[in-house]
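Visitor: Hello! Could you walk me through the structure I am about to open?
Guide: Gladly, let us look together.

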Amino acid sequence: MSDVLVTQTGPVLEVRFNRPEKKNALTRAMYAAVVDAFQTADRDSSIRAVLLTGTGDTFTSGNDIRDFQTRAATNEETHDSPFLTALSSLTKPMVAAVNGPAIGVGTTMLAHADIVVAARSATFRMPFTSLGLVPEAGSSLLFPRLVGHQRASALLLLGDALDAETARDWGFVNQVVANEDLMAAARDVATRMAALPPAAMRMTKDLIKNGRDDVPGRIAEELVLFKQRLRSPEAAEAFQAFVEKRRPDFSQFS
Ligand code: COA
């Protein structure tokens with residue numbers, strides 16, 4: 001059985017860390033498999049949303065520590081940088097279903113997800129300093145933005161653990177559900193994302209993640225896209241469906 005399971009159900013690509021005996025610790029082969037899956041998702045127009053989760057009682061315990069040792073001993077390149085590139089540049093919307101502890105990159109990758117649904121058993125921890133390391137995946141930039149400077153410092157300097165409810169209250173988890181309801185809740189979000197107009201979703205995700213930082217600049221950037229979108233086939237279908245009092249059907253668009 002593979003350490004990463006990739007399955008497509010309708011328009012949703014589900015990517016599952018599947019190494020429960022090692023708490024889904026991520027090896028180089030697993031990163032490579034996830035990169036493949038994300039690249040497929042970006043290429044394949046039949047995939048309209050990605051769902052990321054883990055098997056068993058842990059989302060992922062982060063990078064495999066034995067892999068860290070090998071890398072340190074052999075001075076190898078950091079093999080997870082293609083993963084970070086694929087993760088941070090994924091154009092399809094992504095929902096993460098956090099089924100238990102998310103440690104290290106298990107938490108930092110969530111700052112790149114669009115929606116995070118957590119089981120009550122989820123916990124979040126970035127123990128980089130205690131391992132003699134520093135933050136990765138842009139977390140030293142993204143977490144202060146997400147939760148504020150002092151809270152990010154408690155997470156990244158002290159390596160404090162957060163439970164699911166606190167993570168939701170701090171704003172980096174959207175929804176906390178009973179453990180047994182996790183996959184249904186996450187699939188529901190992914191299915192809703194998949195039914196929306198794909199180009200509008202791509203552009204909106206890109207604005208949220210990469211739009212200009214000054215307000216006049218952002219307004220101008222949005223306006224250019226907004227004018228294009230007014231004339232788009234997706235908008236035409238949405239407007240016509242409204243006039244005809246029917247549900248819009250965006251399935252023909254990619
Ligand atoms: N890398 C390599 N192996 C890992 C691992 C990791 N990040 N996390 C867990 N494992 C392995 C353990 O070594 C153990 O292997 P073994 O059965 O061959 O001894 C197995 O997974 C089960 O882990 P165990 O520690 O016995 O389970 P637990 O329920 O007591 O604790 C964790 C689970 C995740 C809390 C704990 O394993 C842990 O803290 N892992 C390290 C997390 C970490 O620091 N990650 C790096 C962040 S940068």
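Visitor: Which residue has a polar backbone atom 2.9 Å from a nitrogen atom of the ligand?
Guide: Please keep in mind that this model is predicted. Side chains also approach the ligand: a polar side-chain atom of Lys-22 is 2.5 Å from a ligand oxygen atom, and one of Arg-66 is 3.4 Å from a ligand nitrogen atom. The backbone partner at 2.9 Å from a nitrogen atom of the ligand is Ile-65.

Visitor: How many charged residues does the shell around the ligand have?
Guide: The ligand is surrounded by 14 residues, and Glu-21, Lys-22 and Ser-61 are among the closest. By class, 5 residues of the shell are nonpolar and 3 are polar, while the number of charged residues is 6.

Visitor: Which helix gives the largest share of the largest nonpolar core?
Guide: That core has 46 residues, with Phe-38, Phe-83 and Val-98 among those that have the most contacts inside it. The largest share is 7 residues, and they come from residues 28-43, helix H1.

Visitor: Is Asn-24 buried or exposed?
Guide: Asn-24 sits in the loop between strand E2 and H1, and its phi is positive, near 60°. A residue counts as buried under 20% relative accessible area. Asn-24 has a relative accessible area of 0%, so Asn-24 is buried.

Visitor: And what is the relative accessibility of Ala-137?
Guide: Ala-137 also has a positive phi near 60°, and its place is the loop between strand E7 and helix H5. Ala-137 counts as buried because its relative accessibility is 11%.

Conventions. Residues numbered from 1 in each chain as written. Predicted model: local features only at pLDDT ≥ 70, side-chain atom pairs only at ≥ 80, totals over all residues. Heavy atoms only, no water. Near = heavy atom within 4 Å. Polar contact = N/O pair within 3.5 Å; in protein donor to acceptor, adjacent residues only side chain to side chain. Nonpolar A, V, L, I, M, F, W, Y, C, P; charged D, E, K, R; others polar. Core = buried A, V, L, I, M, F, W, Y, C linked by side-chain atoms within 4.5 Å. Buried < 20%, exposed > 50% of the residue type's maximum accessible area, 1.4 Å probe, protein only. Helix = DSSP H or I, 4+ residues; strand = E, 2+ residues; numbered from the N terminus.
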